[in-house]
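Grab a pencil and work through a few short exercises on the model below. Each one comes with a solution that goes step by step.

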Amino acid sequence: MASGGMQLLGYILAFLGFVGLIISTTMTEWKMSSYAGDNIITAQAVYEGLWQSCVYQSTGQIQCKVYDSLLQLPLEVQAARGFMVSGILLCGIAILVAAVGMKCTKCMEDNMEVKSKVAMAGGVIFVVAGVCAFIATIWYGDNIRRQFFNPFTPTNARYEFGKALYIGWGSCSLTVIGGSLLCCNCGTKSSGGPAKRGNVKLSPP
């Protein structure tokens with residue numbers, strides 16, 4: 001039962017990571033305007049995401065604008081879109097595959113060895129999905145860091161990490177950890193007992 005409990009724990013963690021990836025992808029706060037400087041006007045805050053940018057006024061008004069052209073977007077935004085969407089789709093597939101192979105489900109109960117391999121395949125897909133999301137968030141975050149410390153970047157054009165990046169990093173970790181638990185807990189093969197050897201009669205000399 002400990003093996004089945006480990007499978008269930010890995011599945012829950014990976015599923016929570018899947019939900020977090022969806023939330024992170026749809027959020028606007030991938031990067032936020034920085035206030036590091038002496039002459040920064042704080043009357044408004046600018047947030048940019050993968051799909052749109054928003055301006056929060058000090059009066060409480062919010063103005064959001066969807067990006068007009070895909071080809072005009074920076075490379076890190078296009079890459080982040082592709083990797084995050086790929087990670088979400090892979091997580092969706094992994095949820096179905098892992099559910100079939102888990103010990104707490106009734107599917108394929110007649111062949112536990114194959115059932116265990118199916119659960120491990122779902123874990124592998126979870127890990128691949130988490131790695132895809134890691135590439136997107138790390139690439140995007142590293143670009144923010146490089147522009148922030150670039151001396152040629154104007155002070156009022158610098159950005160910092162947004163909440164969506166932190167949620168994305170946490171979700172990637174949950175997905176990879178959950179998938180790893182499913183991979184490591186691949187189950188034991190059915191033991192058929194030691195092979196029987198025939199009795200050899202030795203003829204007297």
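**Exercise 1.** Work out how strand β1 (residues 31–33) is joined to β5, and then place the other strands around them.

*Solution.* Start with the pair itself: β1 and β5 run antiparallel and are joined by three bridges. Here strands are DSSP runs of E, at least two residues long, and helices are runs of H or I, at least four long, all numbered from the N terminus. Two strands pair if DSSP finds at least two bridges between them. Within this pair, methionine 32 has glutamate 160 of β5 as its bridge partner.

Next, go over to β2. It pairs with β1 through two bridges, again in the antiparallel sense, and lysine 31 sits opposite glutamate 48 of β2. From β2, five bridges lead on to β3 (residues 52–57), also antiparallel. Here glutamine 44 faces glutamine 57 of β3, and β2 and β3 make a hairpin with three residues between them.

Now put it together: the open sheet has five strands in the order β4-β3-β2-β1-β5. β4 (62–66) and β5 (159–161) are at the edges with a single partner strand each, so one side of each has no neighbour in the sheet.

A note before you go on: this is a predicted model, where local features need pLDDT of at least 70 and side-chain atom pairs count only at pLDDT 80 or more, while totals for chains, interfaces and linings use all residues. Residues are numbered from 1 along each chain as its sequence is written, and side-chain values use heavy atoms, with hydrogens and water left out.

**Exercise 2.** Is lysine 31 buried or exposed, and what is it in contact with?

*Solution.* First, locate the residue: lysine 31 is in strand β1. Then check its accessibility: lysine 31 comes out at 10%, so it counts as buried (buried is under 20% relative accessible area, exposed over 50%, partly exposed in between, with a 1.4 Å probe and protein chains only). Finally, look around it, leaving aside neighbours within four places in sequence: the contacts of lysine 31 include Glu48, Tyr140, Ile144 and Glu160. Contact means heavy atoms within 4.5 Å.

**Exercise 3.** Find which cysteines form a disulfide.

*Solution.* A disulfide is called when two cysteine sulfur atoms are within 2.5 Å. Searching the whole structure turns up one. Cysteine 54 and cysteine 64 form it, with their sulfur atoms 2.0 Å apart. The link of cysteine 54 and cysteine 64 is right-handed, with 110° about the S-S bond. Cysteine 54 belongs to β3 and cysteine 64 to β4, so the pair ties together parts 10 residues apart in sequence.

Compare the two ends: cysteine 54 is buried at 2% relative accessibility, whereas cysteine 64 is partly exposed at 43%.

**Exercise 4.** Why do cysteine 172 and cysteine 183 not bond to their closest cysteine?

*Solution.* Take cysteine 172 first. Its closest cysteine sulfur, in cysteine 91, is 8.9 Å away, too far for a bond. Cysteine 172 is also buried, at 0% relative accessibility. For cysteine 183, the closest cysteine sulfur is in cysteine 184 at 6.7 Å, which is too far as well.
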